[in-house]
Amino acid sequence: MTTFFHYPNKELQEELICIARALVTPGKGILTVDESTAVCGRYLQSIGLENTEENRRNYRQLLFTSEAKIAENISGVLLFHETLYQKTDDGVPFVEVLRKKGIIPGIKVDKSCVPLFGSEDEYTTQGLDDLATRCAQYKKEGCDFAKWRCALRISKNTPSHQAIIENANVLARYASICQSQRLVPIIEVEIIPNGDHDMDRAQKVMETVLSALYKSLHDHHIFLEGTLLRPNMVTAGKDSNKTNIPQEIAMATVLAIRRTVPPAVPGVMFLSGGMSEEESSVNLHAINNVPLCKPWALSFAFGRSMQASVLKCWSGRKDNVQNAQIELIKRAKANSLASIGKYVAGSVESVAANEKLFAESIDY
Ligand SMILES: *[C@@H]1O[C@H](CO)[C@@H](O)[C@H](O)[C@H]1NC(C)=O
Ligand SMILES: *[C@@H]1O[C@H](CO)[C@@H](O)[C@H](O)[C@H]1NC(C)=O
């Protein structure tokens, strides 16, 4: 009986489906605020603030205390461990602030990328030790979903078989542990945009990586209806000197996903991977307008590309908080429209809409 396995019991299946469905409610997506202390520090530094716990708390407070109507465009917020335990000035836990608005809190559970010894600058992601215990605790604290990021790199010899298989396997173990603790796993695979490859190569790599991923999820009996995928969009490498129009990006992305991601998966929540705020909205809109059958929700789980204007507008000043919150609501609205294929390019003006947001390193 090599294929013998019990799927989760009915109750657990229903709970996972219910969470995943809520996250992909039409017109809604996820705001990711799970930057590590170091990365959040870089954001703060960019507006002249010191990387202290109080400044990080102040910044996250600004995001989470935006007007309640933001919940019409945002279904979930992904938190970092430190943020999960922080409170507003009035002593209300952030988790409670989000829950009260009808926003589902989630938590980043991986412990970052580490080099694969002997490879050409490739990575796997660590954090499986004690993951079940941590997930159980996070569930108790009010989280309903989790995130784990793996990153792959395109070059002449990469991604290697070793990196593809290892990352697919670690994501499956992560997903399995999350589901056992009643958290919906967001399975993040970023094929990072660095390199001078063309778009065809990026698409083929995406298909290879995702097919290995879903084989591995299958081998580990992951209950797909209770998962979400967070991939990048397919583009030519950023050193290729080639810019693709949104329709090209959209077609390559949807083709790669159609060829590899089963319809049982309720949603694909794209990361913005260095695109500007406006680019990520326009590309998501184009993805939702590809004239092919798309049996999953195609929405957003954006971080940097929903925070650039907020940060710039805020600049660390109390009297700018309200305007910065308006910037957040504007991007949420733009991406909400894009997720149902109804965003008109340029129709939402933000103070940093067109700024490029590439990260310096693989691990952020
Ligand atoms: C986004 O939120 C606004 C309220 O701010 C709401 O009017 C709009 O319908 C929402 N968008 C979608 C596509 O649901
Ligand atoms: C892109 O442009 C830069 C600067 O002009 C050049 O050095 C580089 O070789 C070009 N890359 C490709 C892949 O053509």
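Here are legends for four close-up views of this predicted model.

**View 1. The surroundings of ligand 1.** Seven names to look for around ligand 1 are Gly 27, Lys 69, Glu 72, Asn 73, Lys 333, Ser 336 and Ile 340. Sorted by character, this shell comes out as three charged residues, three polar ones and one nonpolar. Two side chains give us polar atoms to check against the ligand. Asn 73 puts a polar side-chain atom 2.5 Å from an oxygen atom of ligand 1, while Ser 336 has one lying 3.0 Å from a nitrogen atom of ligand 1. As for cover, ligand 1 on its own has 360 Å² of accessible area, and the protein covers 67% of that.

**View 2. Helix 9 and what it packs against.** Helix 9 runs over residues 246-258, which makes 13 residues. Does its length come out right or wrong for a helix? At 1.5 Å a residue it should span 18 Å, and the end C-alpha atoms are indeed 18 Å apart, so the two agree. On the buried side of the list we have Ile 249, Ala 250, Ala 252, Thr 253, Val 254, Ala 256 and Ile 257. These buried residues pack against two helices, helix 8 (199-219) and helix 10 (277-288), as well as against strand 8 (228-231) and strand 9 (267-270).

**View 3. Ser 66 in its loop.** Look for Ser 66 in the loop that links helix 3 (53-64) to strand 2 (74-79). Is this serine buried or exposed? Its relative accessible area is just 1%, and the cut-off for buried is under 20%, so Ser 66 counts as buried. Its side chain reaches back to the backbone oxygen of Leu 62, at 3.5 Å. Skipping the neighbours within four places in sequence, the contacts of Ser 66 are Lys 101, Gln 325, Leu 328 and Ile 329.

**View 4. Ser 280 in helix 10.** Here's another serine, Ser 280, this time sitting in helix 10. With a relative accessible area of 0%, Ser 280 is buried. Which residues does Ser 280 touch, not counting those up to four places away in sequence? They are Met 233, Ser 272, Met 275, Phe 302 and Ser 305. With Ser 305 there's also a polar contact, 3.2 Å between the side chains of the two serines. For a sense of scale, take Ser 36: Ser 280 is 244 residues away from it in sequence, and the C-alpha atoms of the pair are 22 Å apart in space.

Notes: Residues are numbered from 1 along each chain as its sequence is written. Chains are lettered from A and ligands numbered from 1 in the order in which they are written. This is a predicted model: local features need pLDDT of at least 70, side-chain atom pairs count only at pLDDT 80 or more; totals for chains, interfaces and linings use all residues. Side-chain values use heavy atoms; hydrogens and water are left out. Helices (H or I, at least four residues) and strands (E, at least two) are DSSP runs, numbered from the N terminus. The expected span of a helix is 1.5 Å times one less than its number of residues. Buried means under 20% relative accessible area, exposed over 50%, partly exposed in between (1.4 Å probe, protein chains only). Contact means heavy atoms within 4.5 Å. A residue is near a molecule or strand if one of its heavy atoms lies within 4 Å of it. A polar contact is a pair of N or O atoms within 3.5 Å; within protein, one must be able to donate a hydrogen and the other to accept it, and residues adjacent in sequence count only if both atoms are side-chain atoms. Accessible areas come from the Shrake-Rupley method with a 1.4 Å probe; for residues, only the protein chains shown count as cover. Ala, Val, Leu, Ile, Met, Phe, Trp, Tyr, Cys and Pro count as nonpolar, Asp, Glu, Lys and Arg as charged, and the others, Gly among them, as polar.
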